[in-house]
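User: Please take a close look at one part of this protein and set it in the context of the whole chain. I would like a connected account of the packing around it.

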Amino acid sequence: MDGIDGRVRGAVDVWLRWLPRWQIGTARPRTRICRRCTGSPIATAAGFGADVPHAVQHALIGRISTIVEDAVDEYTAKNLPLLQRELERAAARNRHAGYQPTEGLSPEFQGLDVDPEPSPGAPFLFTLDELTGTGAGEQAPREPLSDEAKAALRHEIALSDECARATGTAVCLALVEHRARIAEAVERLVEPQIAALVSDMFRGFDGPGETGREGLF
């Protein structure tokens, strides 16, 4: 796990530089559960509470997840030839799969919906999701694997999964060391925006003769 501490520190540094650009007014509500963030041990290691907006969490979780994915890729390329060959074949098929709107996104946006929800009565002329697969080329049929090759591949996948678990644990332990500066950034840059939004939501409730919000409880 050489270099994990440095990679995690670098990912947190990049997130801290990104966070001042985030604005709560531009955040889109999610219509689906985020599989990357929901129940993620990375969120726990970072010290994120339930009140931290999803986009803020997702931006850091995505960058930290990339560290794990890169480590597994490196391990696979060096030690797991059968799995590496299958991954290369899958990459070759993807190159002929046409336009993929989710490809090449920075970690802050990976896993998010590519299209916003349409406004009632105002549908989009087209969406990025509808363009998926545009320009796809014809692909050669996949070569079948023998039973022996399948068993060997399953063994290599198990080794890859073990590498991912070990790296994930190391990454989370390293991330715990950065909780203080993550919390400071959230308190300074995110919480004031949330407070302002809540204040705007309650503005206008206090009419003539009203005692204020405290009178509602």
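The request below concerns one helix, and the reply places it within the fold.

User: Which residues of helix H5 are buried, and which residues does Ala174 touch, leaving out those up to four places away in sequence?

Analyst: The model is a predicted one, and the account starts from the chain as a whole. The protein chain has 6 helices and 0 strands, so that, by the DSSP assignment of helices and strands, the order of elements from the N terminus reads α-α-α-α-α-α. Of its 217 residues, 28% count as buried. Among contacts with a separation of 6 or more, 83% join residues 24 or more positions apart.

Helix H5 covers residues 147-176. With 30 residues, H5 reaches 44 Å from its first C-alpha to its last, close to the 44 Å expected at 1.5 Å a residue. The buried residues of H5 are Leu153, Glu156, Ser160, Cys163, Thr167, Gly168, Ala170, Val171, Cys172, Ala174 and Leu175.

Ala174 may be taken as the detailed case. Ala174 lies in H5 and is classed as buried because its relative accessible area is 8%, where the cut-off is under 20%. Not counting residues up to four places away in sequence, Ala174 touches Ile4, Asp5 and Val8. The C-alpha atoms of Ala174 and Arg9 are separated by 8.1 Å, although these two residues stand 165 residues apart along the chain. Helix H1 spans residues 4-18, and Val8 is also one of the residues that touch the most other members of the largest nonpolar core.

That core is the next step outward from H5. It holds 34 residues, of which Val8, Trp15, Phe48, Ile64 and Leu175 touch the most other members. Leu175 is listed among the buried residues of H5 as well. The elements giving two or more residues to this core are H1, H2 (41-46), H3 (54-79), H5 and H6. H3 gives the most, with 8 residues. Phe48 shows how parts of the chain meet: leaving aside neighbours within four places in sequence, Phe48 is in contact with Trp15, Ala43, Val56, Gln57, Leu60, Ile182 and Val186.

Helix H6 (residues 179-202) offers a comparison through two adjacent positions, Gln193 and Ile194. Gln193 is buried, because its relative accessible area is 16%. Ile194, in contrast, is partly exposed, because its value is 26%. The cut-off of 20% therefore falls between the two values. Apart from neighbours within four places in sequence, Gln193 is in contact with Trp22, Gln23 and Ile24. Ile194 touches Ile24, Asp51 and Pro53 under the corresponding exclusion. The C-alpha atoms of Ile194 and Val52 are 9.2 Å apart, with these positions 142 residues apart along the chain.

A further feature involves H3 and concerns a pocket. The second largest pocket has a volume of about 360 Å³ and is lined by 12 residues, with Arg36, Glu69, Asp70, Asp73 and Leu87 nearest its centre. H3 and helix H4 (81-95) are the elements that give two or more residues to this lining, and the largest share, 6 residues, comes from H3. By class, the lining divides into 3 nonpolar, 4 polar and 5 charged residues.

To return to the request, H5 contributes two or more residues to the largest nonpolar core, and its buried residue Ala174 touches Ile4, Asp5 and Val8.

Note on methods. Residues are numbered from 1 along each chain as its sequence is written. This is a predicted model: local features need pLDDT of at least 70, side-chain atom pairs count only at pLDDT 80 or more; totals for chains, interfaces and linings use all residues. Side-chain values use heavy atoms; hydrogens and water are left out. Helices (H or I, at least four residues) and strands (E, at least two) are DSSP runs, numbered from the N terminus. Buried means under 20% relative accessible area, exposed over 50%, partly exposed in between (1.4 Å probe, protein chains only). Contact means heavy atoms within 4.5 Å. A nonpolar core is a set of buried Ala, Val, Leu, Ile, Met, Phe, Trp, Tyr and Cys residues joined through side-chain atoms within 4.5 Å. On a 1 Å grid over the protein atoms alone, a cavity is a set of points where a 1.4 Å probe fits but cannot get out, and a pocket is an open set with protein on both sides within 12 Å along at least five of seven lines; lining residues have an atom within 4 Å of a point. Grid points are joined across faces, edges and corners, and a volume is the space filled by probe spheres set on the points. Ala, Val, Leu, Ile, Met, Phe, Trp, Tyr, Cys and Pro count as nonpolar, Asp, Glu, Lys and Arg as charged, and the others, Gly among them, as polar. The expected span of a helix is 1.5 Å times one less than its number of residues.
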